Amino acid sequence: MKVAVAQLACRQNQPLENYRRAADWMSRAASNRVDLIVFPELFNTGCTADAISSGGIEKNGAELAELCDLSAKLKIAVIIGLAEQVRSAENSAAADPAAETDIFNSCFFITPDSGVIQSYRKTH
């Protein structure tokens, strides 16, 4: 198995640019026959509180779906840390659609054949 570590500084408060950069590095890695590429935590937003609160993604959202599609197209697995927005109701028994959202420092494992096969929300 060939693994690439993409130790890149993300652009604070520029999630679209960070997704573009991730896609570029995924393509570069795939062209070098890499099986798995690993990105830093909070790659979509950066690590500042303002950036994290304004740029979180939803687990079933378009951004993650696009990364899954690219993973399948390039036949490369991806581990990437993203700021994830979760409705507070998901963390409780009541499903109130008007509930506020929580932001998690989450890690997603994406495979070419199955999309997101595992995710982890950092709790410390």
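This report looks at a few residues of a predicted model, beginning with a charged patch and then turning to two residues of one strand.

## A patch of negative charge

On the surface of the model, a patch of negative charge is formed where Glu 58, Glu 63, Glu 66 and Asp 69 gather. One of these residues, Asp 69, lies in helix α3, which covers residues 62–74. Asp 69 has a relative accessibility of 55%, and because exposed means over 50%, this residue counts as exposed.

## Thr 111 in strand β4

Strand β4 spans residues 101–111, and Thr 111 is found in this strand. Its relative accessibility is 15%, and since a residue under 20% is called buried, Thr 111 belongs to the buried class.

Which residues are in contact with Thr 111, if neighbours within four places in sequence are left aside? They are Ser 71, Ala 77 and Ile 117.

## Cys 107 in strand β4

Cys 107 also has its place in strand β4, but its relative accessibility is 30%, so this residue counts as partly exposed, the class that lies between buried (under 20%) and exposed (over 50%).

When residues up to four places away in sequence are not counted, Cys 107 touches Ile 79, Ile 80 and Gly 81, together with Gln 118, Ser 119 and Tyr 120. A separation in sequence can also be set beside a distance in space: Cys 107 and Ala 83 are 24 residues apart along the sequence, while their C-alpha atoms are 8.6 Å apart.

Notes: Residues numbered from 1 in each chain as written. Predicted model: local features only at pLDDT ≥ 70, side-chain atom pairs only at ≥ 80, totals over all residues. Heavy atoms only, no water. Patch = residues over 30% accessible without salt bridge, like charges linked within 9 Å, V, L, I, M, F, W, Y side chains within 5 Å. Areas by Shrake-Rupley, 256 points an atom, 1.4 Å probe, with all protein chains shown as cover. Salt bridge = Lys/Arg side-chain N within 4 Å of Asp/Glu carboxyl O. Lys, Arg positive; Asp, Glu negative; His and termini not counted. Charge placed at Lys NZ, Arg CZ, Asp CG, Glu CD. Helix = DSSP H or I, 4+ residues; strand = E, 2+ residues; numbered from the N terminus. Buried < 20%, exposed > 50% of the residue type's maximum accessible area, 1.4 Å probe, protein only. Contact = heavy atoms within 4.5 Å.
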